[in-house]
Amino acid sequence: MRFLVVDDSATMRRIVVNSLQRVGFSDVVEASDGAEALEKIATVDFVITDWNMPKVSGAELTRAIRSCDETKSMPLIMVTARSVRDDILTAMEAGVDSYVVKPFTPQVLREKIDAVLATRAA
Amino acid sequence: MSNSRIAEVLYDSETMLRLVDSELEELRDDGRDTGLRGNNVGVLLAMMQRATSEIAQVLCTLHTSREALQGVTLQEIHDSTAKLGEVCSATELAATRMMDGLERAHAYVDRLDEIDASGSFDDSIVEAAAVRAKVRDELFAVMGSLQFQDITSQQLGHVAQMLRDIERRLHATSSLLSGGRAEAAVIANEQLPTFSESASTRNSFERQATADALFWCDHSGKTTQ
């Protein structure tokens with residue numbers, strides 16, 4: 001399974017990539033914002049995206065992915081520092097499958113990935 | 001000009017206007033007494049009273065604006081200070097966690113040296129594997145602590161936004177008080193980094209639980225429909 005990690009912070013991308021590797025997912029590509037992510041979306045199976053990014057935000061990226069026939073069923077997790085109720089509801093309305101609040105641990109990320117894949121398989 | 005000085009000037013101006021108003025009333029009464037009603041002096045007095053009233057209204061508006069500006073600015077300065085305090089504690093906490101983890105990792109490496117020096121096998125091989133796993137855990141925990149950088153940069157972005165708002169408001173007030181003659185302020189126009197006002201290193205477990213609960217409710221709702 002190939003993951004796409006989208007975050008404008010290079011440090012955070014490395015942390016997410018290392019976390020994925022830590023829990024057994026080593027096939028990862030990266031994008032520094034939503035626009036770059038949309039260019040790479042066709043080559044991946046699972047998206048993990050930040051919310052606050054220049055050009056195209058994580059919420060906008062999610063809506064773009066959900067509005068396209070080829071990508072609308074792509075598993076997607078939002079990993080973000082936004083944690084107020086309205087933000088979470090906005091992310092749900094945009095179409096994210098799960099939500100991870102920063103700072104996070106690899107174990108939490110793994111739990112959410114497993115849950116999303118299990119829901120998709122059901 | 002300081003807040004107290006501005007308040008002083010406004011108070012003096014209002015007092016002066018009240019005195020002028022009072023003098024005008026006396027002049028009008030004098031004019032009535034001496035049979036000057038309806039002549040040029042009377043018209044002039046009426047005009048001056050209208051002008052006085054308008055100036056009083058302008059002063060009242062300035063007074064209200066100053067109070068509003070002061071209230072909002074003080075709140076933003078308070079919020080900025082709170083955010084900067086959180087940045088300080090977040091960096092301190094992350095540094096402490098990283099230092100603790102590195103010290104533990106260092107102790108594990110020392111233990112690996114002791115195992116190597118003991119020269120025995122069997123149990124040593126098993127223990128060394130366990131110690132190496134602990135070293136990996138500690139190093140990974142240090143990496144995880146580096147998430148503070150992303151969160152504090154968002155908090156600082158929020159502070160920068162508030163400072164820019166204060167700068168704009170002060171410039172607008174300065175222009176108002178100087179009748180538009182204020183020097184053009186150099187207000188930075190560069191794009192601020194994107195940020196979340198709620199970004200925090202605190203209570204991540206509780207905040208994750210809130211998100212999980214909302215998603216659980218949503219998922220339950222969909223499956224029961």
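**Entry 1: the interface of chain A and chain B**

I looked up polar contacts first and found 8 residue pairs in polar contact between chain A and chain B, both residues at pLDDT 80 or more. A polar contact here is a pair of N or O atoms within 3.5 Å; within protein, one must be able to donate a hydrogen and the other to accept it, and residues adjacent in sequence count only if both atoms are side-chain atoms. The model is predicted: local features need pLDDT of at least 70, side-chain atom pairs count only at pLDDT 80 or more, and totals for chains, interfaces and linings use all residues. Residues are numbered from 1 along each chain as its sequence is written, chains are lettered from A and ligands numbered from 1 in the order in which they are written, and side-chain values use heavy atoms, with hydrogens and water left out.

I then looked up contacts (heavy atoms within 4.5 Å): 33 residues of chain A touch 27 residues of chain B. The two chains bury about 2500 Å² between them, 62% of it on carbon and sulfur atoms. Buried area is the accessible area (1.4 Å probe) that two parts lose on being put together, summed over both. On the chain A side, Arg22(A), Met92(A) and Pro103(A) lose the most area to chain B, together 23% of what that side buries.

**Entry 2: salt bridges**

I took a salt bridge as a side-chain nitrogen of Lys or Arg within 4 Å of a carboxyl oxygen of Asp or Glu. The whole structure has 17 over all chains, and 3 cross the interface of chain A and chain B. Arg22(A) pairs with Asp137(B), the closest N and O atoms being 2.2 Å apart.

Within chain A, I found Arg13(A) in a salt bridge with Glu30(A) at 3.0 Å, N to O. Arg13(A) is in helix H1 and Glu30(A) in strand S2, so this pair ties together parts that are 17 residues apart in sequence. Helices (H or I, at least four residues) and strands (E, at least two) are DSSP runs, numbered from the N terminus.

**Entry 3: strands and backbone of chain A**

I noted that S1 (residues 3-6) and S2 (residues 28-31) of chain A run parallel and are joined by 4 bridges. Val6(A) has Ala31(A) as its bridge partner in S2(A).

Most residues other than glycine have a negative phi, and most peptide bonds are trans. I found that the peptide bond from Lys102(A) to Pro103(A) is cis, with omega near -5°. Pro103(A) sits in the loop between S5 and H5 of chain A. Lys55(A), not a glycine, has a positive phi of about 65°. I placed Lys55(A) in the loop between strand S3 (46-49) and helix H3 (58-66) of chain A.

Note on methods: Two strands pair if DSSP finds at least two bridges between them.
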